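Please take a moment with the sequence and the model before reading on. The paragraphs that follow go through charged pairs, cysteines, a surface patch and two backbone angles in turn.

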Amino acid sequence: MQKENFFKKYWLVMLTGLLVGAAAVVLTAFGNPKNMGFCIACFLRDIAGSLKLHGAGVVQYFRPEILGIVAGACIMALIGKEFKPKAGSSPVIRFTLGAAVMVGALVFLGCPLRMVIRIGGGDLNAIIGLVGFMLGILIGIFFLKHNFSLGRAYKQGKVEGLAFPVMLIGGFVLTLIGGATYFAVSTEGPGSMHAPILLALGIGLVVGALAQKSRLCMVGGVRDAVMFKEFGLLAAFGCIIVAVLVGNAILGNLDFGFEGQPIAHTEWLWNLLGMTVVGWGCTLLGGCPLRQLVLAGEGNTDSAITVLGMIAGAAAAHTLKTASSADGTGVNGPIATIVCLVVILLVSVTHLKKEQ
């Protein structure tokens, strides 16, 4: 009876997890890089490159999936009367945390979503990343339990809430019109590997709509399990891994091991600490990178600011050589990871509210 109640309560978020995992497999089969398929951090990094915010020629492409997620969430929120623009909750701090999260993700080489996709492909380095991710969330929960808060957000007009989705649409259209004349487009490396535009955009729309309706969040799964004994989002986390694992098995893409994994490195300490940055930062922000995109689609401009911070963090990571590659961590990657941990600690300590 309890199992029936669990599935009845969480069927939508679990179905969303299965479909997100399947989407990653399909996108990979049609051209996206292996063990990536659907990585928010990697896609935002590629967009930063396409806008010439960094000069790493192998990761420059305006990923349609990002626009699809935001637009899909926006459409679903409008249909469900959940489009409620708000802003004003420590925007500069959110921008800074977004940048720090991106730096940590690019040290590990992936967001939480890519982490579970990598696990589903057999990349055992991602399990070390998972340990760091869980550690970061637990640290964040400690501060949440001690009244951490970034302050209250205030109601905004619809124009404010629609600004970010419209901005993305404009950027996407300009890259289609301007192409390589005005925007950077990779001719080799991960940035040159992508699924057909309409397929990527369509899958992004579906994922964005379902993620909005189900409240899917990689950070929220662990946070809710620890703080509220709610396991629905955590089950969705597992559903993504199962879908990717089964899909890769069918396509013959399973490869268990540490060495030679696609777009990954074996430096375990920085895999762990990079994802600690991500888990901790996202817990304070109230959601993983995927959740931030969905919230931005719902009109939350604080989340839109966070996403812009992530894009800036991606630009800084490649400009300052903190991003990792298949050969290992970047020259300044370890230093940047420690700096990010210190920054997040300072934010955590300075935003503890006294109990009334």
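A residue is called buried here when its relative accessible area is under 20%, exposed when that area is over 50%, and partly exposed in between. The model is a predicted one, and the words just defined will be applied to its residues throughout.

The charged pairs make a good starting point. Side chains of opposite charge can pair when their charged atoms come close. In this structure the count of salt bridges comes to six, and one of them joins the side chains of Arg63 and Asp46, with a distance of 2.9 Å from N to O. Arg63 belongs to the loop between helix H2 (40-50) and helix H3 (64-79), while Asp46 belongs to helix H2, so this pair ties together parts that are 17 residues apart in sequence. Asp46 has a relative accessibility of 0% and therefore counts as buried, and Arg63, with a relative accessible area of 0%, is buried as well.

Another salt bridge is found between the side chains of Arg118 and Asp123, where the N to O distance is 2.8 Å. Arg118 counts as buried at 0% relative accessibility, and for Asp123 the value is 0% too, which again means buried. A further bridge links Arg223 with Asp224, the closest N and O atoms of the two being 3.0 Å apart. Here the relative accessible area is 18% for Arg223, which is buried, and 14% for Asp224, which is buried too. Returning to the pair described at the start, salt bridges that share partners join Arg45, Asp46 and Arg63 into one network.

The cysteines come next. How many disulfides does a search of the whole structure find? The search finds zero, and two of the cysteines show why the sulfur atoms are not paired, given that a disulfide requires two cysteine sulfurs within 2.5 Å. For Cys282 the closest cysteine sulfur is that of Cys288, at 6.5 Å, which is too far for a bond. For Cys288, in turn, the closest cysteine sulfur lies in Cys217, and the distance of 3.9 Å is also too far for a bond. Cys282 is buried, with a relative accessible area of 0%, and Cys288 is buried with a value of 1%.

From buried residues we can turn to the surface, where Trp11, Leu15, Leu18, Leu19, Val242, Val246, Ile250 and Leu251 make a nonpolar patch of about 750 Å². Helix H1 (2-29) and helix H10 (232-251) each supply at least two residues of this patch. One of its members, Val246, is found in helix H10, and its relative accessible area of 45% makes Val246 partly exposed.

The backbone is the last topic. Most residues other than glycine have a negative phi. Asn147, however, has a phi near 70°, a positive value in a residue that is not glycine. Asn147 is placed in the loop between helix H6 (125-145) and strand S2 (154-155), and at 29% relative accessibility Asn147 counts as partly exposed. Lys321, which is not a glycine either, has a positive phi of about 60°. Is Lys321 buried or exposed? With a relative accessible area of 52%, Lys321 is exposed, and its place in the chain is the loop between helix H13 (301-319) and helix H14 (333-350).

Note on methods. Residues are numbered from 1 along each chain as its sequence is written. This is a predicted model: local features need pLDDT of at least 70, side-chain atom pairs count only at pLDDT 80 or more; totals for chains, interfaces and linings use all residues. Side-chain values use heavy atoms; hydrogens and water are left out. Helices (H or I, at least four residues) and strands (E, at least two) are DSSP runs, numbered from the N terminus. Buried means under 20% relative accessible area, exposed over 50%, partly exposed in between (1.4 Å probe, protein chains only). Patches are made of residues with over 30% relative accessible area and no salt bridge: like charges are joined within 9 Å, nonpolar side chains (Val, Leu, Ile, Met, Phe, Trp, Tyr) within 5 Å. Accessible areas come from the Shrake-Rupley method with a 1.4 Å probe; for residues, only the protein chains shown count as cover. A salt bridge is a side-chain nitrogen of Lys or Arg within 4 Å of a carboxyl oxygen of Asp or Glu.
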